[in-house]
Amino acid sequence: MPQETAAATAPPEGAPPADLACADCPLRALALFQEHEAAELELVQSLKRRDLRLPVGQTLIQEGQTDAPLYTLQQGWAFRYKTLSDGRRQILNFLLAGDFIGVQQKMGDAAAHGVETLTDAVFCVFQRDSLWEIHRRSPTMGFNVTWLTAHEESLVDDSLLSVGRRSAEERIATLLILLFKRAAALQADAGKGGVPFPLTQQHVADALGLSLVHTNKTLRKLERRGLHHIGEGRLYMRDVKSLARLADLYGDGRPPVRPLV
């Protein structure tokens, strides 16, 4: 009888995995994210619609879209971008697990940017009016959303500084070390065995305002100097101190402890 019951209640073969409860999210166990009270988790859970799974290269939010919900990136990588009429693209910033997506669109009539998956990814989807509900029902969580928005703006500011003033070597050094530190904070080994690096050289070029040829030459130059290594989709730091000096970063590049929506 127990075996029959288990078989009867098991999901059919090939069915999508069940949505993950907010309280069971493995990201909450990481030191990178703040602890939240039970009432705050209940609020987030009440506003969550479902989990959305997308393969690599899929559009999550289209430029100009007016009906996009809010998202938290649960697994994988994505990026925000803007394009010109002739197809030229500027990547605004890269999104990693724990990042909150779509707040900018809630402040206007349409999404001013697009979001595309860089790897297979899982997103927590929230109802469209979640932003207002969070502020209305929990001032603390409302502040958290404001903090996350300001933090993302600071990342874009760093990118603007790179594109506007840093040399090609400095731009790439900055991108490598910031992405490494962000990805390492999501790993138990803190990046000792390298971190995932799904970016192509075109992604790097589009993020830093460089040509593809210049990007290729600069990456190879920095690797020959023993500063980093990229292989089989992973990024390894060989000389963090030298890379940080070259990047001329404010601080050490480690992401601050932050809330998780």
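User: What makes N93, G98 and D99 lining residues of the second largest cavity?

Analyst: This is a predicted model, by the way. A lining residue needs an atom within 4 Å of a cavity point. N93, G98 and D99 meet that, and so do F100, V103, Q104, L148, T149, H151, E152, L155 and R258.

User: Which helices supply at least two residues of that lining, and which one gives the most?

Analyst: α3 (103-106) and α5 each supply at least two. α5 gives the most, with five residues.

User: How do the residues of that lining divide by class?

Analyst: Four are nonpolar, five polar and three charged. Gly counts as polar here, so G98 goes with the polar ones.

User: What is the volume of the second largest cavity, and what about the largest?

Analyst: The second largest has about 120 Å³, while about 220 Å³ of space lies in the largest. The structure holds five cavities of 30 Å³ or more.

User: Why call that space a cavity and not a pocket?

Analyst: A cavity is space where a 1.4 Å probe fits but cannot get out, whereas a pocket is open. The space of about 220 Å³ is classed as a cavity, so the probe has no way out of there.

User: What lines the largest cavity?

Analyst: There are 16 lining residues, and F94, L155, S159, L175 and L178 lie nearest the centre. The elements giving two or more residues are β5 (89-95), α5 (139-165), α6 and α7 (201-208). α6 gives the most, with six. By class, the lining has nine nonpolar, four polar and three charged residues.

User: Why are α6 and α8 called roughly perpendicular?

Analyst: The axes of α6 (residues 168-184) and α8 (residues 212-224) cross at roughly 70 degrees. Angles of 65 to 115 count as roughly perpendicular, so this pair gets that label. The two axes also come within 10 Å.

User: How do you know that α6 and α8 are in contact?

Analyst: Contact means heavy atoms within 4.5 Å. On the α6 side, A168, E169, I172, A173 and L176 make contact; their partners in α8 are H214, T215, T218, L219, K221 and L222. That contact has six nonpolar, three polar and two charged residues.

User: What makes the radius of gyration of the chain agree with a compact globule?

Analyst: With 261 residues, a compact globule would come out near 18 Å; the chain has 20 Å, so the two agree. Along the principal axes, the C-alpha atoms fill a box of roughly 65 × 45 × 35 Å.

User: How many helices and strands does the chain have?

Analyst: Nine helices and eleven strands.

Technical notes:
Residues numbered from 1 in each chain as written. Predicted model: local features only at pLDDT ≥ 70, side-chain atom pairs only at ≥ 80, totals over all residues. Heavy atoms only, no water. Axes fitted to C-alpha atoms, helices over the stretch in contact; angles between N-to-C directions. Helix = DSSP H or I, 4+ residues; strand = E, 2+ residues; numbered from the N terminus. Parallel < 35°, antiparallel > 145°, perpendicular 65-115°, else oblique. 1 Å grid on protein atoms, 1.4 Å probe; cavity = no way out; pocket = protein on both sides within 12 Å on 5 of 7 lines; lining within 4 Å. Points joined across faces, edges and corners; volume = space filled by probe spheres on them. Rg over C-alpha atoms; globule rule 2.2 N^0.38 Å.
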